[in-house]
Every structure is written in C-alpha cells, then in structure tokens.
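Subject: Structure handover

Hello,

Please find the structure below, followed by notes on what was found in it. It may help to keep the 3D view open while reading.

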Amino acid sequence: MTSHPVNEAEVRKTMTMDLIFWRHAEADDWTEGCDDMQRSLTARGEKQAKRMASWLDRQLPDGTRIISSPARRCEQPALALGRKYKLRSELAPDTTADALLASAGWPNGKSVVLMILSLIHISEPTRPLYI
C-alpha cells in the first residue's frame with residue numbers, strides 16, 4: 001500500500017470550522033449560598049490560565065473568534081489571553097447543548113472558534129454533551 005502526501009491546504013478547504021473548548025482553570029470552591037457566576041480563579045488557577053493562554057496565543061490563528069461564558073472564572077482566562085473576546089450568556093453554566101453549539105455557529109461556521117467554559121455537563125434526551 002502506498003501513502004499519498006497530504007495536501008494540508010486541500011484538507012483545510014473541506015473543513016468548515018475548528019471548535020476549541022477551553023475549560024477555566026482551578027476556581028474557588030462552590031459553597032452553599034454563593035453566587036456561582038461570581039466565583040473566581042484561585043491564585044493557582046490564575047497561574048494555570050496564564051500558562052495556557054500563553055500557549056494558546058502561539059497556536060491560535062489570527063482572526064480566531066473567542067467567546068466566553070459570563071462566569072467570572074471563565075472571563076479571567078479570556079483576559080489572560082489578551083485577545084478580543086465576547087461574553088455570551090449562551091455559554092453560562094446552565095446552558096443547553098443546542099444553545100452552546102449555536103453560539104459557536106456549529107457546524108456551519110467558517111472560522112476557528114475558541115469557547116471558554118465552566119465545567120459543563122449537559123444532558124438532553126436526544127443530545128448528550130459532556131465537556
């Protein structure tokens with residue numbers, strides 16, 4: 001069997017979009033009565049976010065669309081990345097799989113999309129999504 005060289009440009013033309021999920025780093029523990037949307041990263045989590053942001057910034061192409069959950073622990077990594085981003089209520093921890101994917105333009109988008117999310121476990125009867 002012979003192998004054929006892969007023409008990366010041709011492969012890229014057939015792909016409609018790249019969807020990248022980034023879970024926030026270590027965050028303060030949830031406690032009874034706390035506002036989950038206001039929980040912040042720990043000092044360790046801030047260091048983790050900065051390291052990952054530095055790596056991602058070198059990997060992501062220019063023009064990557066960056067969208068983040070409005071949860072504070074998700075916006076902090078977005079800020080560490082230092083690129084333009086938008087907060088999207090569709091990415092809040094209580095989101096649905098359909099809302100999450102629609103906010104990215106999946107599957108018809110034409111760009112790279114980075115989604116910064118909380119640990120989400122979405123389970124709908126017809127479409128489970130585990131992140």
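A polar atom in the side chain of Thr 96 lies 3.1 Å from the backbone nitrogen of Ala 99. This is a predicted model, so every distance here is a computed value. Thr 96 sits in the loop between β3 (86-87) and α4 (97-104). Is Thr 96 buried, partly exposed or exposed? Thr 96 has a relative accessible area of 35%, and so it counts as partly exposed.

Now the overall layout. The protein has four helices and six strands, and along the sequence they follow the pattern α-β-α-β-α-β-α-β-β-β. Of the 131 residues, 36% are buried. If you take the contacts between residues at least 6 apart in sequence, 62% of them join residues at least 24 apart.

Next, the interior. Which residues form the largest nonpolar core? There are 11 of them: Trp 22, Ala 53, Leu 56, Leu 60, Ile 66, Ala 71, Cys 74, Ala 78, Leu 81, Leu 114 and Ile 116. Two or more residues each come from α2 (43-59), α3 (72-81) and β4 (112-117). The largest share, three residues, is from α3. A second, separate core has nine residues, including Leu 100, Leu 101, Ala 104 and Met 115.

Two members of the largest core are worth selecting in the viewer. One is Leu 81: leaving out residues up to four places away in sequence, Leu 81 touches Ala 53, Leu 56, Asp 57, Leu 60, Ile 66 and Leu 114. The other is Trp 22, which is found in strand β1 (residues 18-23). Trp 22 has a relative accessible area of 7%; because the cut-off for buried is under 20%, Trp 22 counts as buried. What does Trp 22 contact, apart from its neighbours within four places in sequence? The list is Ala 49, Met 52, Ala 53, Leu 56, Pro 77, Leu 114, Met 115, Ile 116 and Leu 117. For one of these, Leu 56, there is also a backbone distance: the C-alpha atoms of Trp 22 and Leu 56 are 9.8 Å apart, although 34 residues separate the two along the chain.

Then there is helix α2. It has 17 residues, and α2 reaches 25 Å from its first C-alpha to its last, close to the 24 Å expected at 1.5 Å a residue. Its buried residues include Gly 45, Ala 49, Ala 53 and Leu 56. Why do these four lie on the same side of α2? They cover an arc of only 75° around the axis, and therefore share one side of the helix. On the other side of α2, the exposed residues are Ala 43, Arg 44, Lys 47, Lys 50, Arg 51 and Arg 58. The buried residues of α2 are covered by elements that include β1, α3 and β4.

Last, the cysteines. How many disulfides does the structure hold? The number is zero. Cys 34 is partly exposed, since its relative accessible area is 26%. Cys 74 is at 0% relative accessibility and so counts as buried; Cys 74 is also one of the residues in the largest nonpolar core.

Regards

Definitions and conventions. Residues are numbered from 1 along each chain as its sequence is written. This is a predicted model: local features need pLDDT of at least 70, side-chain atom pairs count only at pLDDT 80 or more; totals for chains, interfaces and linings use all residues. Side-chain values use heavy atoms; hydrogens and water are left out. A nonpolar core is a set of buried Ala, Val, Leu, Ile, Met, Phe, Trp, Tyr and Cys residues joined through side-chain atoms within 4.5 Å. Buried means under 20% relative accessible area, exposed over 50%, partly exposed in between (1.4 Å probe, protein chains only). Contact means heavy atoms within 4.5 Å. The expected span of a helix is 1.5 Å times one less than its number of residues. The arc is that of the directions from the helix axis to the C-beta atoms. A disulfide is a pair of cysteine sulfur atoms within 2.5 Å. A polar contact is a pair of N or O atoms within 3.5 Å; within protein, one must be able to donate a hydrogen and the other to accept it, and residues adjacent in sequence count only if both atoms are side-chain atoms.
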